[in-house]
Protein chains: 2
Amino acid sequence: MTDPDAQFAETGGLVKLLIEIAAQAKADFAATVAVLGLPVHLARAIVMLSTPAPMRDLAERLSCDRSYITALADQLDERGLVRRIPGEDRRVKLLALTEAGVAMRDRISRAVAEENMITRRLDADERRALAPLLEKLHDPDAVGAHERETC
Amino acid sequence: MTDPDAQFAETGGLVKLLIEIAAQAKADFAATVAVLGLPVHLARAIVMLSTPAPMRDLAERLSCDRSYITALADQLDERGLVRRIPGEDRRVKLLALTEAGVAMRDRISRAVAEENMITRRLDADERRALAPLLEKLHDPDAVGAHERETC
DNA sequence: TATTGTTATACTCTATAACTATA
DNA sequence: TATAGTTATAGAGTATAACAATA
């Protein structure tokens with residue numbers, strides 16, 4: 001354990017695992033929301049909009065360009081899930097879930113809670129052990145060591 | 001804990017956490033390999049090619065179309081990291097790392113081992129606790145509950 | 001002058017379909 | 001006839017740059 005090479009291998013392996021799990025988790029989420037007729041990026045946005053937010057904020061939280069948020073908002077709007085409401089600063093538009101949007105968000109939550117890789121593969125004790133580790137792993141301010149550029 | 005709603009919330013929260021961490025892990029990995037001049041998908045392929053494999057196999061392991069593997073192989077070939085070698089069945093081509101490819105794979109391993117979100121945020125004990133959980137979480141045969149369609 | 005959102009556009013990743021060579 | 005890889009092409013997702021309205 002004090003052998004640097006061993007720690008190398010150990011950590012490298014963990015990272016590799018985490019990356020693979022990451023890919024699986026995303027595919028899993030994609031499959032779940034596909035049943036609801038949503039691509040991943042729209043589903044993520046809906047989940048983030050539980051409380052109305054300026055488009056700018058969404059761009060930051062998703063770390064993608066403002067122009068892309070316009071596109072997202074258009075798609076969500078077409079589906080009747082979101083509407084733009086004017087901010088007090090009149091340059092700003094808030095994105096808010098419509099009634100249908102709120103219903104969709106609830107369906108997403110329910111679908112994910114019912115069927116996901118964590119409940120599928122871990123029992124209650126293991127989940128309790130995992131929770132604090134994931135919380136520590138999670139950087140609330142996102143953005144990695146090097147800066148993140150993509151969405 | 002026996003309250004279904006509570007378990008709902010608990011599991012839903014864990015899944016959400018896992019998804020966010022997944023996104024971070026990917027971004028983190030992307031930033032790391034970007035320093036080596038590689039986009040994520042090429043880096044993943046290189047890591048998977050530690051042992052030469054038929055293009056078909058790679059397609060399955062990455063769960064993406066054969067045509068895309070052709071494109072991947074072309075890009076890796078252009079960079080001199082991989083070459084196609086004929087299989088015994090003459091329809092088959094194996095993808096094998098060149099010397100430069102092996103060197104690159106080692107650089108990727110080293111870069112990831114040196115700087116990654118796991119060592120950044122977890123101490124040795126926590127990493128030891130995390131390892132078996134990740135292993136259980138990881139489905140070696142990939143493919144979720146619903147079938148995975150995308151790459 | 002700086003900032004918010006929009007438009008037009010282009011690029012990257014990935015898939016589908018049709019094709020060639022081999023089995 | 002079925003399978004491995006390739007080609008041509010198209011679609012989705014996302015970014016960049018220039019722009020209008022507001023601050």
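# Strands, DNA contacts and a buried asparagine

Reader: Which residue in β3(B) stands opposite B:A53?

Author: B:L95 in β3(B) is the residue opposite B:A53. The model is predicted, with local features requiring pLDDT of at least 70 and side-chain atom pairs pLDDT 80 or more, whereas totals for chains, interfaces and linings use all residues. Residues are numbered from 1 along each chain as its sequence is written, chains are lettered from A and ligands numbered from 1 in the order in which they are written, and side-chain values use heavy atoms, without hydrogens and water.

Reader: What makes β1(B) and strand β3 of chain B a pair?

Author: Two strands (DSSP runs of E, at least two residues, numbered from the N terminus) pair if DSSP finds at least two bridges between them. β1(B) and β3 (residues 93-97) of chain B are joined over two bridges in the antiparallel sense, so the criterion is met.

Reader: Why are β1 and β2 of chain B called edge strands?

Author: The three strands of chain B form an open, antiparallel sheet in the order β1-β3-β2. β1 (53-54) and β2 (82-86) of chain B each pair on one side only, and they are the edge strands.

Reader: How do you know that β2 and β3 of chain A pair?

Author: Strand β2 (residues 82-86) and strand β3 (residues 93-97) of chain A run antiparallel and are joined by five bridges, so they too satisfy the requirement for a pair. In one of these matches, A:R83 has A:A96 in β3(A) as its bridge partner. With six residues between them, β2(A) and β3(A) form a hairpin.

Reader: Why is A:N116 called buried?

Author: Buried means under 20% relative accessible area, exposed over 50%, and partly exposed in between (1.4 Å probe, protein chains only). The relative accessibility of A:N116 is 3%, and therefore A:N116 counts as buried. A:N116 lies in the loop between α5 (99-114) and α6 (117-121) of chain A; helices are DSSP runs of H or I with at least four residues.

Reader: What makes the approach of the A:N116 side chain to A:V112 a polar contact?

Author: A polar contact is a pair of N or O atoms within 3.5 Å; within protein, one must be able to donate a hydrogen and the other to accept it, and residues adjacent in sequence count only if both atoms are side-chain atoms. The side chain of A:N116 reaches the backbone oxygen of A:V112 at 2.7 Å, so the distance is within that limit. A polar atom of the A:N116 side chain also lies 2.9 Å from the backbone nitrogen of A:T119.

Reader: Which residues come nearest to DNA strand D?

Author: A residue is near a strand if one of its heavy atoms lies within 4 Å of it. There are 22 residues around DNA strand D, and A:S67, A:Y68, B:M55, B:R56 and B:R84 come nearest. Of the atoms of DNA strand D within 4 Å of the protein, 67% belong to sugar and phosphate.

Reader: How do you know that B:R56 has a polar contact with DNA strand D?

Author: An N or O atom in the side chain of B:R56 is 2.6 Å from a phosphate oxygen of DNA strand D, so the pair lies within the cut-off. For B:R66, a polar side-chain atom is 2.8 Å from a base nitrogen of DNA strand D.

Reader: Which element gives the most to the surface near DNA strand C?

Author: α4(A) gives the most to that surface of DNA strand C, with three residues. On DNA strand C, a phosphate oxygen is 2.5 Å from an N or O atom in the side chain of A:R56.
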